[in-house]
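Open the model in your viewer and keep the selection box handy. We will go from one stop to the next, with a word on what to select and what you will find there.

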Amino acid sequence: MAEKEMDKYEIITHPNPILRRKAKKVTDFDKDFQNLIEDMFVIMRDAPGVGLAAPQIGISQKIVVVEYAEPEKEDEKPKAYVLVNPEIIRHSEETTEDLEGCLSVPGLVGMVERWDAVTVKAQNRFGKNVKIKADGWLARIFQHEMDHLDGVLYIDKATEVFEPTDEDLENLRD
């Protein structure tokens with residue numbers, strides 16, 4: 001991908017009103033859409049982050065990309081997920097409050113309560129219907145990124161928001 005192409009996208013930060021819009025359903029899975037997915041992965045990795053929703057780069061479409069590997073599986077390569085038009089169709093009753101950060105809310109972290117497990121119904125990057133069961137951090141990442149599609153930021157749900165210490169940042173990476 002040419003570097004010039006990547007310049008057309010930048011991570012939008014709070015309080016930009018684009019982050020508060022409800023994203024639109026994706027109906028076209030053409031070549032431009034495929035290029036957008038690739039661009040989103042590059043932007044997310046460069047940030048660096050574990051997830052990115054299209055509204056975070058100014059595109060009001062229901063697209064989420066995630067790349068994550070379970071920390072206890074050190075030799076495991078991160079798995080890439082593309083969720084198009086996602087919705088949570090099932091979730092656990094159990095919830096956990098934990099630390100979250102966001103590429104669109106730089107310099108802050110917060111304690112957010114999320115479901116421990118979710119089942120997400122979505123389309124993959126080619127428009128095929130998929131169902132993904134996730135728990136732990138992956139479930140948290142999916143919920144966080146899907147909130148962006150509804151114009152919701154983690155700071156809206158956080159019980160407290162604060163500037164992170166080095167230790168807090170280390171915990172976010174683990």
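Start by selecting valine 109 together with phenylalanine 162, its bridge partner in β8. This is a predicted model, in which local features need pLDDT of at least 70, side-chain atom pairs count only at pLDDT 80 or more, and totals for chains, interfaces and linings use all residues. Residues are numbered from 1 along each chain as its sequence is written, and side-chain values use heavy atoms, with hydrogens and water left out. The element names come from DSSP runs numbered from the N terminus: helices are H or I with at least four residues, strands are E with at least two.

**Stop 1: around β5**

Widen the selection to β8, residues 160–162, which runs antiparallel to β5 and is joined to β5 by three bridges. Two strands count as paired if DSSP finds at least two bridges between them. Next, colour β5 itself, residues 109–115: five of its seven residues are buried. Here buried means under 20% relative accessible area, exposed means over 50%, and partly exposed is in between, using a 1.4 Å probe and protein chains only. Now add β4, residues 95–101, which is joined to β5 by seven bridges in the antiparallel sense. To see one of the facing pairs, pick aspartate 98 and valine 112 of β5.

**Stop 2: the five-stranded sheet**

In what order do the five strands of the open sheet lie? Follow them as β1-β2-β3-β6-β7, with antiparallel pairing. At the edges are β1 (51–53) and β7 (129–135), each of which pairs on one side only. Look along the sheet and you can follow its twist, which averages 40 degrees from one strand to the next. Axes for such angles are lines fitted to C-alpha atoms, for helices over the stretch in contact, and angles run from 0 to 180 degrees between N-to-C directions.

Walk across the sheet pair by pair:

- β1 and β2 run antiparallel with three bridges; select alanine 53 and, opposite, valine 64 of β2.
- β2 and β3 are antiparallel too, joined by six bridges; select glutamate 67, which stands opposite alanine 80 in β3.
- β6 (residues 117–123) and β7 share seven bridges in the antiparallel sense; select glutamine 123 and its partner in β7, asparagine 129.

Pause on β2: six of its six residues are buried, so the strand is largely enclosed by the rest of the structure. Show the side chains and you will find Ile63, Val65 and Glu67 pointing one way, with Val64, Val66 and Tyr68 pointing the other way.

**Stop 3: the helices on the sheet**

Select α2, residues 31–46, which lies across β1, β2 (63–68) and β3 (79–91) at about 45 degrees to β2. Then select α3, residues 136–148, which packs on the sheet and touches β1, β2, β3, β6 and β7; its direction makes about 155 degrees with that of β2. Contact here means heavy atoms within 4.5 Å. Of the 13 residues of α3, 11 are buried, among them Leu138, Ile141, Phe142 and Met146.

**Stop 4: a pocket**

Which residues lie nearest the centre of the second largest pocket? Select Ile88, Gln143, Met146, Asp147 and Asp150, which belong to a lining of 13 residues. The elements that give two or more residues to this lining are β3, β5 and α3. A pocket is an open set of points on a 1 Å grid over the protein atoms alone, where a 1.4 Å probe fits, with protein on both sides within 12 Å along at least five of seven lines; lining residues have an atom within 4 Å of a point.

**Stop 5: asparagine 85**

Zoom in on asparagine 85, in strand β3. This residue has a positive phi of about 50 degrees although it is not a glycine. At 11% relative accessibility, asparagine 85 counts as buried. Leaving out residues up to four places away in sequence, asparagine 85 touches Lys25, Val26, Lys62, Lys121, Ala122 and Gln123.

**Last stop: two cis peptide bonds**

Select histidine 14 and proline 15, joined by a cis peptide bond with omega of about 15 degrees. Proline 15 sits in the loop between α1 (3–6) and α2. Finish with alanine 47 and proline 48, where the peptide bond is also cis, with omega near -10 degrees; proline 48 is in the loop between α2 and β1.
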